[in-house]
There are 2 protein chains.
Amino acid sequence: MNYLQERILKDGTVIDEKILKIDSFLNHQIDPKVMHEIQSNFFDYFKSREITKVLTIEASGIAPAIMVASHFQVPMLFAKKSEPSTLAATGKYSTRVHSFTKDKDSDVIISKEYLNADDKVLIIDDFLANGEASLGLIDLVNQAGAEVVGVGICVEKSFQPGRQRLLEAGVDLYSICRIASLADNKVTFVDEDAE
Amino acid sequence: MNYLQERILKDGTVIDEKILKIDSFLNHQIDPKVMHEIQSNFFDYFKSREITKVLTIEASGIAPAIMVASHFQVPMLFAKKSEPSTLAATGKYSTRVHSFTKDKDSDVIISKEYLNADDKVLIIDDFLANGEASLGLIDLVNQAGAEVVGVGICVEKSFQPGRQRLLEAGVDLYSICRIASLADNKVTFVDEDAE
């Protein structure tokens, strides 16, 4: 069992069969110890790959993404939910992402200035559920003609379709924690040795 | 001249007399080298103080805040612009922040679970202009009965009222870069030796 799994069992709260609350250490209050573990974990998995940029989406992807980018010594870029007043005349890449939690679509953008055809991009996010955010980020990378090296997820809800959708898109997906079920008010991890 | 000032002169773009674009390294694409310099700078200034928590506001405050929190080995908390689905029954602290750029008010919140009366809080943000975000964060800390140890700002536009408003609130304000003017399409820093 890794450190993040231990923290989920210790400090996480199962709200219902789909929602795990871990905002005491991952996505509202953030524990730097957890960030250092995540940073090392992603680095170990992706270190043999050439990576020129780490990409995430605001807001809760930013903390793990900057830690990972810092370890790889490459820039981190985050997709924004609103257009900045300083957007260059070169314009933006834009994609539509559906939030199942909020039941609404929103457009997320990155400035064309910061993603180029020669970039090799590692996508990082805190949660993977339906895969909407990750697929949106992959779309942005594709629009730039750049390469998606992989997708690194802190906590994957493996009982939701995100993992399958990313694998079908041909992505190298690595999740630090894979949750098989939140049924019966209990966190059950995927038994990866048994798979 | 410090590292952040050098990067502003090298890579910043003056959009008009009020807007400086530095989103190639600070608040859209983020350069980890800049983050490490910022981290050390804030640590040097605040290291003699007891700090139990770093507080910022989503989204562009998150990267510098987690780096600083990591150096102090304390949790980082970010105020959210929308209420999370996992908010506890204990509820939230809420404050209204006016955005002059977008000319609208928005409520920002933190969960009451993560800020207590015995917390000693360092507030970190990327920009200081009118001081709305920092004053909102100070209000949240006050609602919790906690103490604001100081406010650390990456880039202060000293020709706007934020600095004065924070000093009048009795805050220990430290800005890594203080910009005296963006007139004539040029960045002029405050000459702190002459003050």
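1. Two strands count as paired here if DSSP finds at least two bridges between them. The model is predicted. On that footing, seven strands make up an open sheet with mixed pairing. The order is 11(A)-10(A)-9(A)-8(A)-4(A)-5(A)-3(B). Chain B thus contributes strand 3 to a sheet that otherwise lists strands of chain A.

2. Look next at the edges. Strand 11 (188-189) of chain A is one edge strand, and strand 3 (29-30) of chain B is the other. Each of them pairs on one side only. Helix 1 (residues 3-11) of chain A packs on this sheet. Helix 1 of chain A touches strand 9 (147-157), strand 10 (173-181) and strand 11 of chain A. The direction of helix 1 makes about 30° with that of strand 10 of chain A.

3. Within chain A, strand 4 (residues 53-57) runs parallel to strand 8 (residues 120-128). Three bridges join these two strands. One pair to check on screen: L55(A) stands opposite I123(A) in strand 8 of chain A.

4. Where does the sheet pass from chain A to chain B? Strand 5 (residues 76-79) of chain A pairs with strand 3 of chain B. The sense is antiparallel, over two bridges. L77(A) has Q29(B), in strand 3 of chain B, as its bridge partner.

5. The contact between the chains takes 32 residues from chain A and 32 residues from chain B. On the side of chain B that touches chain A, four elements each supply at least two residues: strand 3, helix 2 (32-46), helix 3 (62-72) and strand 5 (76-79) of chain B. Helix 3 of chain B gives the most, with six residues. By residue class, this side of chain B divides into 17 nonpolar, nine polar and six charged.

6. How are the two copies related? A turn of 180° with a shift of 0.0 Å along the axis lays chain B on chain A, with an RMSD of 0.0 Å. That is the relation of a two-fold axis. The same surface serves both copies, as 100% of the contact residues of chain B recur in chain A.

7. The UniProt record, an unreviewed entry, lists A129(A), N130(A), G131(A), E132(A) and A133(A) under "binding site". G131(A) lies in the loop between strand 8 and helix 4 (132-143) of chain A. Is G131(A) buried or exposed? G131(A) is buried, because 25 other C-beta atoms lie within 10 Å, and the cut-off for buried is 20 or more. Leaving aside residues up to four places away in sequence, G131(A) touches P161(A), G162(A), R165(A) and L166(A).

8. E132(A), also listed in that record, sits in helix 4 of chain A. E132(A) counts as buried because 20 other C-beta atoms lie within 10 Å. The cut-off of 20 or more is met. Its contacts are V97(A) and H98(A), not counting residues up to four places away in sequence.

9. Last, a hairpin in chain B. Strand 6 (residues 92-99) and strand 7 (residues 104-111) of chain B run antiparallel, joined by eight bridges. K92(B) has S111(B), in strand 7 of chain B, as its bridge partner. Four residues lie between the two strands of the hairpin. In the turn, D103(B) has a positive phi of about 50°.

Key. Residues are numbered from 1 along each chain as its sequence is written. Chains are lettered from A and ligands numbered from 1 in the order in which they are written. This is a predicted model: local features need pLDDT of at least 70, side-chain atom pairs count only at pLDDT 80 or more; totals for chains, interfaces and linings use all residues. Two residues are in contact if their C-beta atoms, placed from the backbone, lie within 7 Å. Axes are lines fitted to C-alpha atoms, for helices over the stretch in contact, and angles run from 0 to 180 degrees between N-to-C directions. Ala, Val, Leu, Ile, Met, Phe, Trp, Tyr, Cys and Pro count as nonpolar, Asp, Glu, Lys and Arg as charged, and the others, Gly among them, as polar. Copies are superposed by least squares on the C-alpha atoms of residues with pLDDT of at least 70 in both. UniProt positions are given in the numbering used here, feature names are shortened, and annotations may be inferred rather than shown by experiment. A residue is buried if 20 or more other C-beta atoms lie within 10 Å of its own, exposed if 12 or fewer, and partly exposed in between; C-beta atoms are placed from the backbone.
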